[in-house]
Each structure stands twice: as structure tokens, then as C-alpha cells.
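Me: Please consider the model shown below. I should like to go through its architecture in a series of questions.

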Amino acid sequence: MTDKLVIWTFEWVRMTNGPAGFVRDLRLRWACEEAGIDYDVKTVPLVEKTAEHFSRQPFGQVPFIKDGEIEIFESGACLLHIARKSEVLMPRDPVGEAETLQWTIAALNSVETISVPWWFLEITGAKENGLTNWLESRLSYLEGILGEREWLVSDRFTVADLLMADVLRVEKIRALGDRPASEAYIQRVTNRPAFQKAYAAQMAHFEAADAARNKAGT
């Protein structure tokens, strides 16, 4: 009997104006649900981080995973590891695999590296957000692509769609401009049962932790 893949997340995050529903262990839960891979979820403290946590994730972040003897951090790397375990997430032909890899990295490097700092400036009330034009140009290019295809790779859902949709589904990004093809894409991907199950599980986890914390008065 082999050990289940283990996904690590925070034991608690703020529910009101907090990251619940967007903590990136969701990406890994979702990938496992799509692929039919059994997994467990374990937690680390959000604030009082331990030496063991830093030994597994050198920046004190989540998620990170353990899959037998393999331990990996960074959600993108973890997703690619999971994707290689299932053709549901990554085609096995060389062209399909290469295109899945390129779009997965594009979601991280060409979109999220701009969208996250843009979002941070927005929620902190910066008087000027110098990243807006840059982000809008990236989203505009992507809108053109999504207007011509249903999925990013091989005419079917892959891990590249999982990650791209997760990057794009942030409310402030969706509200930035009019991009009907991108919005339809986000809805198409996040309406998948695997996303709904993973999202509900993460929210239930953090809601329970929040209730326990409030009851304890912490």
C-alpha cells in the first residue's frame, strides 16, 4: 500500500477580506480531484512558523507536497508533478505535453507575475497603479486567444487551463475591462465538478478553523 500524496496548507487564514478560497493549495486539491488521485491535507501555522516548515518551504509559504520520497514546494512545480501522473491533466504526445508546459508557465510568468502585484496595489489603496496598462495588455492578448479556442491546449482541458483560470478568477481582475471570452472561459473551467469540490473543501477547512479561533477568543 502506497502513502497518499499529502498537500500542506495553512491551518487558518482570515475569512473576512482574507485569502480563503484563493490559498494556492486549492490548485493542488483541484488537480488531484481532476486526476482521481487520493490525497490528504495537513496544515502548518500561518504566523508561528516552525523550522520544519522552513525546511520544507524556504519562504515559509504554502502549498508544498509530499508524494512518497518526493517533496516539492511552489504551486506550479507541484501542479506539474501531479499532472505528470495523469493524462487527464497533461497529454502524453510530445506536442501536447510541450504546449501544456508552455501555457502553464505562461500563466505563472506572463500573467500572475503582473496580476498579483497589481492586485496588491489595488487593495492597499495606492493612488496610482503603474501596472494597470501592463496587465491590461496581457489580458487583452489572452482575450484574443480565448476568443478563438475553448481550451488552451489540444482542444481539451489540461492543467494549463486549471492554472490560467485560477489566476484569472480573482474578482478585481475579472472587473478590469470587458473581456467576454475570458469570462466565459473562467466560468467554463470553474464550473467543473473537481473545482467545485476542491473549493468547497478549502472553504470548509478555513471556516472551521475560523470558528474554532473565534470560540477560543484568539
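Reply: Before the strands are discussed, one term is needed: two strands pair if DSSP finds at least two bridges between them. The model is a predicted one.

Me: Which residue in β3 does Val-6 stand opposite?
Reply: β1 and β3 are joined by three bridges, and pairing requires at least two. The sense of this pairing is antiparallel. Within β3, the residue opposite Val-6 is Lys-66.

Me: In what order do the four strands of the open sheet lie?
Reply: Strand β1, residues 5-10, runs parallel to β2 and is joined to it by six bridges; Trp-8 faces Lys-42 of β2. β1 also pairs with β3 in the antiparallel sense, and β3 is linked to β4 by four bridges, again antiparallel. The pairing is thus mixed, and the order is β2-β1-β3-β4.

Me: Which strands stand at the edges of this sheet?
Reply: An edge strand here has a single partner, so one of its sides is left without a neighbour in the sheet. From one strand to the next, the twist averages 20°. The strands at the edges are β2 (39-44) and β4 (70-73).

Me: Which residue in the turn of the β3 and β4 hairpin has a positive phi?
Reply: The bridges between β3 and β4 include the one that makes Phe-73 the partner of Phe-64. Two residues separate the strands of this hairpin. The turn residue with a positive phi, of about 65°, is Gly-68.

Me: Is Arg-29 buried or exposed?
Reply: Arg-29 belongs to helix α1, a helix of residues 25-35 that packs on the sheet and touches β1, β2 and β3. Apart from neighbours within four places in sequence, its contacts include Ile-7, Thr-9, Tyr-39 and Val-41, together with Ala-198, Ala-201, Gln-202 and His-205. Its relative accessible area is 4%, and the cut-off for burial is under 20%. Arg-29 is therefore buried.

Me: What relative accessibility does His-81 have?
Reply: His-81 is part of helix α3, which lies across β1, β3 and β4 and runs at about 140° to β4. Residues up to four places away in sequence aside, His-81 touches Ile-65, Asp-67, Ile-70 and Ile-72. His-81 counts as buried, with a relative accessibility of 15%.

Me: How are helices α4 and α6 oriented to each other?
Reply: Helix α4 (residues 94-123) packs against helix α6 (residues 159-168) with the axes 8 Å apart. The angle is about 10°, and angles under 35 degrees count as roughly parallel. The two helices are therefore roughly parallel.

Me: How many nonpolar residues does the contact of α4 with α6 have?
Reply: The α4 side includes Trp-103, Leu-108 and Val-111, and the α6 side includes Leu-163, Met-164 and Val-167. Glu-112 and Ser-115 of α4 also take part. Three polar residues and one charged residue belong to this contact, and the number of nonpolar residues is 11.

Me: What is the radius of gyration of the protein?
Reply: The protein has nine helices and four strands, and buried residues make up 45% of its 218 residues. Of the contacts with a separation of 6 or more, 68% are between residues 24 or more positions apart. The globule rule gives 17 Å for 218 residues, and the value for the model is close to this, so the protein is as compact as a globular protein of that length. The radius of gyration is 18 Å.

Key. Residues are numbered from 1 along each chain as its sequence is written. This is a predicted model: local features need pLDDT of at least 70, side-chain atom pairs count only at pLDDT 80 or more; totals for chains, interfaces and linings use all residues. Side-chain values use heavy atoms; hydrogens and water are left out. Axes are lines fitted to C-alpha atoms, for helices over the stretch in contact, and angles run from 0 to 180 degrees between N-to-C directions. Contact means heavy atoms within 4.5 Å. Buried means under 20% relative accessible area, exposed over 50%, partly exposed in between (1.4 Å probe, protein chains only). Angles under 35 degrees count as roughly parallel, over 145 as roughly antiparallel, 65 to 115 as roughly perpendicular and the rest as oblique. Ala, Val, Leu, Ile, Met, Phe, Trp, Tyr, Cys and Pro count as nonpolar, Asp, Glu, Lys and Arg as charged, and the others, Gly among them, as polar. The radius of gyration is taken over C-alpha atoms; the globule rule is 2.2 Å times the number of residues to the power 0.38.
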